[in-house]
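Work through these exercises with the model open. Try each task before you read its solution.

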Amino acid sequence: MSSNRSIRSLVAAAIGAGLVLLGGCASGEGNASSSASTASPAPSPSVTVRPPGAAELAAALPQGESLPGYSVNGEPESRTGVGTPDRSVRPAACRALQDARSGSSSTSVAEARVFISASTFAPPIETLTFTSHRPGGAASYLAAVDKALDACPSLSFLGRSGDRIRAEIERVPDRVSAGDASVSFEMHWALDVDGLTMETFSLVTAVRSGEAIMTVTSDSSVGSRLSAAKKRALLPKLDQALLKREADALRAAQDG
């Protein structure tokens, strides 16, 4: 019985650490020891597009049963204004990665998000976020994330309990065939509770479409005692069809 309580506490703590980063955006939010990369940018359109507002972003997000292969959990959440960076992140030069993982941005003008879960495998947290930016802001945002990935093989942040958590970071090498440009990376950290260890793997993909950014964040927490093969089977993976579909929807929200 005490063993079951320990495992439940451990899972809650691991997921709670992930929610800390996601919570940062609301206030204003493969193995990371595996691989990581920036996809080569696709040609940018010559037509200037306008940044959509919060209501337009929310309307562009999937709802109900409109997302093939996924369930949409609840209604979209939206806000106007910039996000608030998590100032607990160290080094400070790595805060752009926290912004990316939370889907939030200190340079955005509007944001909308919805929680989704895959039909075949649903990580504890999977979030689809749209943010819009002033002219040139989306490209600058993505460039800042790319620069931080070059500078930050790891970072640390404060968990819900106030403990400092260290996460390893790597680029994802797979090319993302969506939007105008993209970057994808993985974070990995471990938490120990009552002698048990739970590892969290987070896959973050940010795609620029015009003056807006789409971010998909997928988290998976697994017991450290699992074999390497079983861990790999449970790790979040890029879904090219999802990324292209939602990048196109975000583009349409700006062209409409």
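**Exercise 1. Strand E7**

How many of the 14 residues of strand E7 (residues 196-209) are buried?

*Solution.* The model is predicted: local features need pLDDT of at least 70, side-chain atom pairs count only at pLDDT 80 or more, and totals for chains, interfaces and linings use all residues. Residues are numbered from 1 along each chain as its sequence is written, and side-chain values use heavy atoms, with hydrogens and water left out.

Step 1. Fix the terms. Buried means under 20% relative accessible area, exposed over 50%, and partly exposed in between, with a 1.4 Å probe and protein chains only. Helices (H or I, at least four residues) and strands (E, at least two) are DSSP runs, numbered from the N terminus.

Step 2. Count. In E7, 13 of the 14 residues are buried.

Step 3. Set this against the chain. Of its 256 residues, 52% count as buried.

**Exercise 2. The strands beside E7**

Find the strands that pair with E7 and follow Ser202 across them.

*Solution.* Step 1. Apply the rule: two strands pair if DSSP finds at least two bridges between them.

Step 2. Take E6. E6 and E7 pair in the antiparallel sense over 13 bridges. They form a hairpin with 2 residues between them. Asp194 in that turn has a positive phi of about 55 degrees.

Step 3. Take E8. E7 and E8 pair in the antiparallel sense over 12 bridges. Their hairpin also has 2 residues between the strands, and Gly210 there takes a positive phi near 60 degrees.

Step 4. Follow Ser202. Ser202 in E7 is the bridge partner of Met187. Ser202 also stands opposite Asp219 in E8.

Step 5. Go on from E6. Strand E5 (residues 164-171) pairs with E6 in the antiparallel sense over 4 bridges. Arg171 stands opposite Phe185 in E6. Ser184 stands opposite Thr205 in E7.

**Exercise 3. E6 and its aromatic residue**

Why is E6 described as largely enclosed by the rest of the structure? Then locate the aromatic pair.

*Solution.* Step 1. Count again. E6 is largely enclosed because 11 of its 13 residues are buried.

Step 2. Search for rings. Rings of Phe, Tyr and Trp (its six-membered ring) pair if their centres lie within 6.5 Å; planes under 30 degrees apart count as stacked, over 60 as edge-to-face and the rest as tilted. The whole structure yields 1 aromatic pair.

Step 3. Classify the pair. The ring centres of Phe157 and Trp189 are 5.5 Å apart and the planes stand at 85 degrees, so the pair is edge-to-face.

Step 4. Place the pair. Phe157 is in strand E4 (residues 154-158) and Trp189 is in strand E6 (residues 181-193), 32 residues apart. Both Phe157 and Trp189 are buried.

**Exercise 4. Two helices**

Check the lengths of H4 and H6, then find their buried faces.

*Solution.* Step 1. Compute the span. The expected span of a helix is 1.5 Å times one less than its number of residues. For the 15 residues of H4 (residues 137-151) that gives 21 Å, and the end C-alpha atoms are 21 Å apart, which agrees. For the 16 residues of H6 (residues 240-255) it gives 22 Å, and the end C-alpha atoms are 22 Å apart.

Step 2. Sort H4. Gly137, Ala138, Tyr141, Leu142, Val145, Ala148 and Leu149 are buried. They cover an arc of only 140 degrees around the axis, which puts them on the same side of H4. The arc is that of the directions from the helix axis to the C-beta atoms. Lys147, Asp150 and Ala151 are exposed on the other side of H4.

Step 3. Sort H6. Its buried residues include Leu242, Leu243, Glu246 and Leu250. The buried residues of H6 fall within an arc of 160 degrees, so they line one face of the helix.

Step 4. Recall the geometry. An α-helix has 3.6 residues a turn, so residues three or four places apart point the same way.

**Exercise 5. A residue in E8**

Is Thr215 buried or exposed? Which residues does Thr215 contact?

*Solution.* Step 1. Thr215 lies in strand E8 (residues 212-223). Thr215 is buried, with a relative accessible area of 1%.

Step 2. Contact means heavy atoms within 4.5 Å. Leaving aside neighbours within four places in sequence, the contacts of Thr215 include Ala100, Thr127, Leu128 and Val204.
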